[in-house]
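Please find below some notes on the strands and on one acidic side chain. They are meant to be read with the structure open.

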2 protein chains.
Amino acid sequence: MNKPLISLAAAFALSASWTSPLAAQDEPAGAPSPNEIVEGAEAEEWVSIPAEDLLVMTLAPASDGTEREVVIQFMPAPFSQGWVENIRTLARTGWYDDITVNRVQDNYVVQWGDLNYDNPEADGEPKLLPEGLKVMDESAYTVPASHYRFYGKPGGKVHESRSTPPLKMVNLFGRYAGYDGFSQGWPVAGNNSAVPAKKRNARENAYNNSRPDRIWPVHCYGMVGVGRNYSPDTGSGAELYTVIGHAPRHLDRNIALVGRIIEGMEHLSSLPRGSGALGFYTEEEAGKRTPIVTVRVASDLPAAERPTFEYLSTEGETFAKYVAARANRRDPFFIVPAGGADICNIPVPIRRAGE
Amino acid sequence: MNKPLISLAAAFALSASWTSPLAAQDEPAGAPSPNEIVEGAEAEEWVSIPAEDLLVMTLAPASDGTEREVVIQFMPAPFSQGWVENIRTLARTGWYDDITVNRVQDNYVVQWGDLNYDNPEADGEPKLLPEGLKVMDESAYTVPASHYRFYGKPGGKVHESRSTPPLKMVNLFGRYAGYDGFSQGWPVAGNNSAVPAKKRNARENAYNNSRPDRIWPVHCYGMVGVGRNYSPDTGSGAELYTVIGHAPRHLDRNIALVGRIIEGMEHLSSLPRGSGALGFYTEEEAGKRTPIVTVRVASDLPAAERPTFEYLSTEGETFAKYVAARANRRDPFFIVPAGGADICNIPVPIRRAGE
């Protein structure tokens, strides 16, 4: 009898369908997989996502008639809120309606917005932006970590502050930062500015009880960010992109991240790549640009059309077990547990509410 | 005048076309980008890839008539050579001809092979394998690091052994391993077994002059591996996959890696995702399975059809500068250099010979 190959290693999708790995016949004994751990979570460990924090983007149907809807979850305060407000304004004024996906660069980003904004393949006039958009400062790329809970390495000692809201940091051998971890259901990184820059990253771990004082969201697969021009421009939110490859974390602290795609990612990640500079579609490929029909804040939709989602609390016991299991896979397919995990290889479980 | 957005951050594609970032008008002054550094390499820093190490996979044309050819580069000795030999045998006996792409799982893998091998969506009999395939042992997932050159962090002290062939290790704040680095043009990781397991990863860096004694290839975007059944099975090479998302490095040392896609990656990464378990296409989606028409070792092709490629030596000065630039982007788009880089965010430059 055949068994699934690389199957039990499979549960790695930043997607709302948090399906169980296939229950194979003749499966060897082993520890529960990360997904099985998530399935055992108590109902109260799942946190509802406010409708105001969901953006529903409807693409034109695919050539075979398939409907294509993409749902984006915004980051909560204190992260990137000025840009998030701009995006709600752009959605509510209908500014995004009838824009297109203009750039698909393999192993990097899909970008949608105004065809004439910063596109080397076009030379028309940019679309007029609505009034009232905030102009954000680069300092808002990071936020104070004055409220957080700090966790040591999985299995290590737990340090906890008494502050609220609780932001949790899991120290997983920082490479792009002194710390990588999770805050309110999001992957974040942080530094402790008291630690000399040259001693951050690998060495900061050696500082006992050291804690980050600034944290920021990180560019994992499926995260959504704000295209911008050269510094000091920080972008308005009219031009958006999502990551469709290995986490380009050199963009962290250099561009505003505003959210992540929680459903319909495949409608963007499987688009044909553009052959122009930077993956923009050339004029000869104009037919490949996917039209975006409407973009709506979920709370503005009639109740019956409003999608509802929830994420697994990153503060709970189940999430801690899930992190530890992802860092040391001991389910039947695995021979050698890794002994660590990349923050972007620990997607926060998200599902349709009530599933 | 508009300028390209996230443009100078763009050069991140495991692709043969190592194009320069768009030369923007009014671009601020800044350090050279990683790509500009690569463009400055001397001709002798580019290393030819033997035709025996290239596999040309021709897919059926796309629905719009586009021809689709994928080129895979095999890993050199001492890595995974038993599986590589099997793959050459499978190609030379025509075994791969008329197989299909059966699985496309978003942010994970594309897998091709025998529709009836380990596919939960099919129940036919597997295709008979040719004789003479080697049965490889799990111990071959890693190789001795007795010959290598060890580099400290970029900018740090360089330790060098006198051994040959020279394998280079760049210590970039290991997380999945004590060391991440490069060997003969490939991303590899390693451990020093004398360092206690619990002190590896973050802490191993503190061991002065510590060197890995075992190294192994890592699951970066575009790497090609061998599907297998449960341990102790290690797969024959008949079933292959490539990574189309964030590096699933928990698979390192658990599955054999045999190569990487160096051209035509977009023909696999943009395929429609399967909706069955693990991203397999369901029977209702049978029409989405992409036929693989032929798979040939390049050295078996007529000289005129033989593609020729070269990679930038990972031993040279240009590569060292390129790594340092990727770890600390100072070209005009960037505000905050990261201070580090993930091994899978440092793709080895590869191009068609003579470009």
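1. Val101(A) stands opposite Thr290(A) in strand E16(A). The model is a predicted one. E16 of chain A covers residues 290–297, and 2 bridges join it to strand E4(A), with the two strands running antiparallel.

2. E4 of chain A spans residues 100–104 and is mostly covered, with 5 of its 5 residues buried. Besides E16(A), to which 2 bridges join it, E4(A) pairs with strand E5 (residues 109–113) of chain A in the antiparallel sense, over 4 bridges. In that pairing, Arg103(A) has Gln111(A) of E5(A) as its bridge partner.

3. The hairpin formed by E4(A) and E5(A) has 4 residues between the strands. Asn107(A), in this hairpin, takes a positive phi near 60°.

4. E5(A) also pairs with strand E14(A), again over 4 bridges and in the antiparallel sense. Val110(A) stands opposite Thr242(A) of E14(A). Strand E13 (residues 223–226) of chain A is joined to E14(A) by 3 bridges, and these two run antiparallel. Here the bridge partner of Val226(A) is Leu240(A) in E14(A).

5. Which way do the side chains of E14 (residues 240–243) of chain A point? Leu240(A) and Thr242(A) point one way, while Tyr241(A) and Val243(A) point the other way. In a regular strand, side chains alternate between the two faces of the sheet. For E14(A), the residues pointing either way are all buried.

6. A separate point concerns an open sheet of 4 strands in chain A, with the order E6-E12-E11-E10 and antiparallel pairing. Its edge strands are E6 (143–144) and E10 (179–183) of chain A, each of which pairs on one side only. Within the sheet, E11 (residues 186–191) and E12 (residues 214–217) of chain A pair over 4 bridges in the antiparallel sense. Val188(A) has Pro217(A) in E12(A) as its bridge partner.

7. In chain B, strand E2 (residues 54–59) is largely enclosed by the rest of the structure, because 5 of its 6 residues are buried. E2(B) is joined by 6 bridges to strand E3 (residues 68–74) of chain B and by 5 bridges to strand E16 (residues 290–297) of chain B. Both pairings run antiparallel. Leu55(B) takes part in each: its bridge partner in E3(B) is Ile72(B), and in E16(B) it stands opposite Val297(B).

8. Glu45(B) deserves a look. This residue is found in the loop between helix H1 (34–39) and strand E1 (46–48) of chain B. How far away is the nearest side chain of opposite charge? That side chain belongs to Lys321(B) and is 7.7 Å away; Glu45(B) is buried yet has no salt bridge. Leaving aside neighbours within four places in sequence, Glu45(B) is in contact with Tyr311(B), Leu312(B), Ser313(B), Gly316(B), Glu317(B) and Thr318(B).

9. Thr318(B), one of the contacts of Glu45(B), is also one of the buried residues in helix H4 (residues 317–327) of chain B. The other buried residues of this helix are Phe319(B), Tyr322(B), Val323(B), Ala325(B), Arg326(B) and Ala327(B). What covers the buried residues of H4(B) includes H1, strand E10 (179–183) and strand E17 (309–312) of chain B.

Note on methods:
Residues numbered from 1 in each chain as written. Chains lettered and ligands numbered in written order. Predicted model: local features only at pLDDT ≥ 70, side-chain atom pairs only at ≥ 80, totals over all residues. Heavy atoms only, no water. Buried < 20%, exposed > 50% of the residue type's maximum accessible area, 1.4 Å probe, protein only. Lys, Arg positive; Asp, Glu negative; His and termini not counted. Salt bridge = Lys/Arg side-chain N within 4 Å of Asp/Glu carboxyl O. Contact = heavy atoms within 4.5 Å. Pairing = 2+ DSSP bridges.
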